[in-house]
Amino acid sequence: MIRLYISFLLFSILISPNIVYSSSSKPVSKSYPQYMLNKTLFVPAYSIANTEGFYSKWSEKQKTLILWNDNLTLLFKPTSRLFLANGATRKMDHPAQLIHGMMYLPYSFRKKTLSKVRLDLKNGKLPGKWKENKVSPSKLTVILDPGHGGPDPGAIGRSGTREKYIVLDIAQRVARILKSKGIHVIMTRKADYFITLWRRAYISKLANADVFVSIHGNAHRKRSVKGIETFYPRNSPGISRKERHRHNNSRKLAKNIQYNLIRQTGSQNRGVKPAGFYVIKNCSIPSALVEVGFLTHAYEERKLRQPSYREIIARGIAIGIIKYIQTTSKAKS
Ligand SMILES: [Zn+2]
């Protein structure tokens, strides 16, 4: 959605590839397409890679562009001014842009930013050799989605426990754990307010994140029903290869969360199942929805009211997410 919007925005201010732009004394090569965005000239990252002798690779999974040569590895994320040089954070003049599926960097990057990075490397201000497969979870973004909120309480327990409070507290605990591991976390809601399902899914598209996890509490007519279950988006026939890939990763994510939740809590394992829930279906990234227990089950409700138990639940979810990230980034390299 955002990419579409940016593309549209750019369409109106597109510079023809044949026009030579000269904001500085030297015009850039005529052969590469360039873009003007907010009075800033952007050039394709691949052209910089070609000129400066870098290999380049786009990782769809991590939404990251990697440029590397023998002694320097650079990582870029769309819409971010920050990038990594041999694992160290550096800043460029303007955020990188993903335009028509291609990464663009500000024109000043090559002469100014890259020169500075090279100087830092020479003066020992940057780590030496750094391998791309050392990509740590710190470059990853996880979206946590506590269910319900505001006028929508979600499930209500037998002694009045409201799902919206339980899941918000658990999500905050998960966020704390993930952040302590250097993972960037975005919450779809941070307090007790209402947010539409559409907006929850939309946040995941805007944020360019890697993982989406929705957290819920369960309810059942039968008071004896208990346990933990995790859902991943149902596979529909005729989906694209990219969507299938997302489905597979979503299932992996759900499995990791479920396994670690059961391991941490010892609760009844209700398994990992496909489902058509709106938020996980309409996400463009691997997503799972976890039901942390039944508020309609007296014992589980009592447990979920205890902060110490919610911490255990949070740990299970966080470990599941981290394990998923580790296995998928290993498979990548
Ligand atoms: Zn719910």
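Of the 333 residues of the protein, 39% count as buried in this predicted model. Its secondary structure comprises nine helices and 15 strands. Among contacts between residues at least 6 apart in sequence, 68% join residues at least 24 apart.

One open sheet contains six strands, arranged in the order β11-β10-β12-β15-β13-β14, and its pairing is mixed. The edges are occupied by β11 (184–187) and β14 (269–275); each has a single partner strand, so that one side of each lacks a neighbour in the sheet. On average, and with direction ignored, neighbouring strands of this sheet are turned by 20° against each other. Within the sheet, strand β10 (residues 141–146) and strand β12 (residues 211–218) run parallel and are joined by five bridges. In this pairing, Ile-143 stands opposite Phe-212 of β12.

Two helices are associated with these strands. Helix α4 (residues 163–180) lies across β10, β11, β12 and β15 (287–294), and runs at about 145° to β12. Helix α6 (residues 241–265) also packs on the sheet, where it touches β12, β13 (228–233), β14 and β15. The direction of α6 makes about 170° with that of β13.

A further open sheet is formed by four strands in the order β1-β2-β9-β8, with antiparallel pairing. Here β1 (35–37) and β8 (97–99) are the edge strands; because each has a single partner strand, one side of each is left without a neighbour in the sheet. Neighbouring strands of this four-stranded sheet are turned by 40° against each other on average, direction ignored. The antiparallel pair of β8 and strand β9 (residues 102–106) is joined by three bridges. Gln-97 has Tyr-104 as its bridge partner in β9. Helix α2 packs on this sheet and touches β2 (40–44) and β9, its direction making about 65° with that of β2.

Helix α2 also takes part in a helix–helix contact. The axes of α2 (residues 45–52) and helix α3 (residues 108–122) come within 10 Å and cross at roughly 60°. The two helices are therefore oblique to each other, and α2 passes α3 in a right-handed crossing. Ile-48, Thr-51 and Glu-52 of α2 make the contact with Phe-109, Arg-110 and Leu-114 of α3. Classified by residue type, the contact of α2 with α3 has three nonpolar, one polar and two charged residues.

Towards the end of the numbering, Ala-318 was examined individually. This residue is placed in helix α9 (residues 307–332). Ala-318 counts as buried because 26 C-beta neighbours lie inside 10 Å, where 20 or more are required. When neighbours within four places in sequence are left aside, Ala-318 is in contact with Val-174, Ile-177 and Leu-178. The C-alpha atoms of Ala-318 and Asn-256 are 9.7 Å apart in space, whereas the two residues are 62 residues apart in sequence.

Definitions and conventions
Residues are numbered from 1 along each chain as its sequence is written. This is a predicted model: local features need pLDDT of at least 70, side-chain atom pairs count only at pLDDT 80 or more; totals for chains, interfaces and linings use all residues. Axes are lines fitted to C-alpha atoms, for helices over the stretch in contact, and angles run from 0 to 180 degrees between N-to-C directions. Angles under 35 degrees count as roughly parallel, over 145 as roughly antiparallel, 65 to 115 as roughly perpendicular and the rest as oblique. A crossing is left-handed if the near helix is turned anticlockwise from the far one by less than a right angle, and right-handed if clockwise. Two residues are in contact if their C-beta atoms, placed from the backbone, lie within 7 Å. Ala, Val, Leu, Ile, Met, Phe, Trp, Tyr, Cys and Pro count as nonpolar, Asp, Glu, Lys and Arg as charged, and the others, Gly among them, as polar. Two strands pair if DSSP finds at least two bridges between them. A residue is buried if 20 or more other C-beta atoms lie within 10 Å of its own, exposed if 12 or fewer, and partly exposed in between; C-beta atoms are placed from the backbone.
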